[in-house]
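Student: I should like to examine how the descriptive terms for this model are justified. Please set each value against its criterion.

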Amino acid sequence: MNSRTPYIWGHHRRFNTYSNFLQKKFGRRIQKIAVDAGFSCPNRDETTRKGGCTFCSNEAFRPKFCDADKSIKEQLKTGISHYKKRYKTPQQFMAYFQAYTNTYASVDILEERYRAALEFPEVQAICIGTRPDCMDDAVLNLLEDISKEYFVSVEFGIESVFDDTLEKVNRGHGFEQTVDMINQTAARGLHTGGHIIFGLPGETKEMMLYEAEVLSKLPLDSIKFHQLQILKNTEMETYFREYPEEFVQFSLDEYLDFLLCFLEIFRPDIVIERIASEIPVEFLVNTAWNQVKYEQIVNKLENLFEEKDSWQGKYYP
Ligand code: SF4
């Protein structure tokens, strides 16, 4: 492709990046601020299963400004003031309901908490992180209603397209349920996203590449990729110590090569929200390249795309 020609996502970066997507949609920088709205998770409180996903540690997953002891408004106020000082340019914000399962309450409670975030004039968008088995018509009705005024994104934990893997990590739902909920959410016109973990036990690189084909067929608008980070004091740590041979442990270069191959066959209009996760090193068991900054990982991937003269969807059928 001629380097002067923008790709179908309208810019010259080699993959369809989320920051560019938001800039185009809102005409300015949109900063996501994570909030802990005080929800729990049906996979942790024994409604569905006991123990939660084997990789889960919400302590480690919880980003700054998230503090369930503070109200949603207090958390957002702190976050907004931090980012206003850090970036002098005018910004708008997306409240990211990230911790645990953010549709796990009655619709009245959900509405109260989502709308609390939207009382800030600077907050023009919400993103709701949830599980596919914790979404129904009533919640979709609420989100669809909110989306008449605000940008609403739903982010499903997909994690894997393989039921054997989902079972092994005690996810508590199968892939079919994920497909069904993604279809229903997209049909409501809501921005539909998901995240996938690369390196779950029992999955080979070939299986992970196959996921690109399967996910490309879903009506997804965006996706996040996470390399498996094994967290201390989780079931996954115990399993990893017992069966290390079941895990593909990528070096950074291997991970970038893998991502390049994955993205080459991935649908080009799906926006790539993240390519790796960043968890503070003190929580981690496998720390090989986890101290490399996220921006450096993105730069390395972009350089690799340049070097190979490749791009997202180059081989998408
Ligand atoms: S669904 Fe999320 S919060 Fe619940 S156990 Fe799994 S990773 Fe943890």
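Student: Where does Asn 170 lie, and why is Asn 170 called partly exposed?

Tutor: In this predicted model, Asn 170 sits in the loop that joins α6 (163–168) to α7. A residue is buried at 20 or more other C-beta atoms within 10 Å and exposed at 12 or fewer. Asn 170 has 18 C-beta neighbours inside 10 Å, so Asn 170 counts as partly exposed.

Student: What makes the backbone of Asn 170 worth a remark?

Tutor: Its phi is positive, about 60°, although Asn 170 is not a glycine. Most residues other than glycine have a negative phi. Asn 233, which is not a glycine either, also has a positive phi of about 60°. Asn 233 is placed in the loop between β6 (222–227) and α9 (235–242).

Student: Why does Asn 233 count as exposed?

Tutor: The limit for an exposed residue is 12 or fewer C-beta neighbours. Asn 233 has 12 inside 10 Å and therefore counts as exposed.

Student: How do you know the class of Asn 183, and where is Asn 183 found?

Tutor: Asn 183 belongs to helix α7 (residues 175–187). Its count is 12 C-beta neighbours inside 10 Å, so Asn 183 is exposed. Between Asn 183 and Asp 309 there are 34 Å from C-alpha to C-alpha, with their positions 126 residues apart in sequence. Asp 309 follows just after α11 and takes a positive phi of about 45°.

Student: What makes the length of α11 close to the expected value?

Tutor: Helix α11 (residues 294–307) has 14 residues and spans 20 Å from its first C-alpha to its last, and 20 Å is what 1.5 Å a residue would give.

Student: Why are the buried residues of α11 said to line one face of the helix?

Tutor: These residues are Ile 297, Leu 301 and Phe 305. Seen down the axis of α11, they fall within an arc of 80°, so they line one face. An α-helix has 3.6 residues a turn, so residues three or four places apart point the same way. On the other side of α11, the exposed residues are Glu 295, Gln 296, Asn 299, Asn 303, Glu 306 and Glu 307. The cover over the buried residues of α11 includes α10 (252–264).

Student: Which residues of α3 are buried, and why are they said to line one face?

Tutor: Ile 72, Gln 75, Leu 76, Gly 79 and Ile 80 are buried in α3. Their directions, seen down the axis of α3, fall within an arc of 125°, so they too line one face of the helix. The face turned away from this buried side carries the exposed residues Ser 81 and Lys 85. Helix α3 (residues 72–86) has 15 residues and reaches 21 Å, close to the 21 Å expected at 1.5 Å a residue.

Student: Against what do the buried residues of α3 pack?

Tutor: They pack against β1 (30–35), β2 (92–97), α4 (107–118) and β3 (123–130).

Student: What makes Ala 95 a notable member of the largest nonpolar core?

Tutor: That core has 74 residues, and Ala 95 is among those with the most contacts inside it, together with Val 35 and Ile 126. Contact requires C-beta atoms within 7 Å. Leaving out residues up to four places away in sequence, Ala 95 touches Ile 33, Val 35, Leu 76, Ala 117, Val 123 and Ile 126.

Student: Why is Glu 112 called partly exposed?

Tutor: Glu 112 lies in helix α4. With 13 C-beta neighbours inside 10 Å, Glu 112 exceeds the limit of 12 for an exposed residue and does not reach the 20 of a buried one, so Glu 112 is partly exposed.

Student: How do you know that Glu 213 is partly exposed?

Tutor: Glu 213, in helix α8 (residues 205–216), has 14 other C-beta atoms within 10 Å and is therefore partly exposed. The C-alpha atoms of Glu 213 and Pro 317 are 9.6 Å apart, although 104 residues separate them along the chain.

Student: Which residues come nearest to the ligand?

Tutor: Cys 41, Asn 43, Gly 52, Cys 53 and Cys 56 come nearest among the 11 residues around the ligand. The shell comprises 4 nonpolar, 5 polar and 2 charged residues.

How values were computed:
Residues are numbered from 1 along each chain as its sequence is written. This is a predicted model: local features need pLDDT of at least 70, side-chain atom pairs count only at pLDDT 80 or more; totals for chains, interfaces and linings use all residues. A nonpolar core is a set of buried Ala, Val, Leu, Ile, Met, Phe, Trp, Tyr and Cys residues joined through C-beta atoms within 7 Å. Two residues are in contact if their C-beta atoms, placed from the backbone, lie within 7 Å. A residue is near a molecule or strand if its C-beta atom, placed from the backbone, lies within 6 Å of it. Ala, Val, Leu, Ile, Met, Phe, Trp, Tyr, Cys and Pro count as nonpolar, Asp, Glu, Lys and Arg as charged, and the others, Gly among them, as polar. Helices (H or I, at least four residues) and strands (E, at least two) are DSSP runs, numbered from the N terminus. The expected span of a helix is 1.5 Å times one less than its number of residues. The arc is that of the directions from the helix axis to the C-beta atoms.
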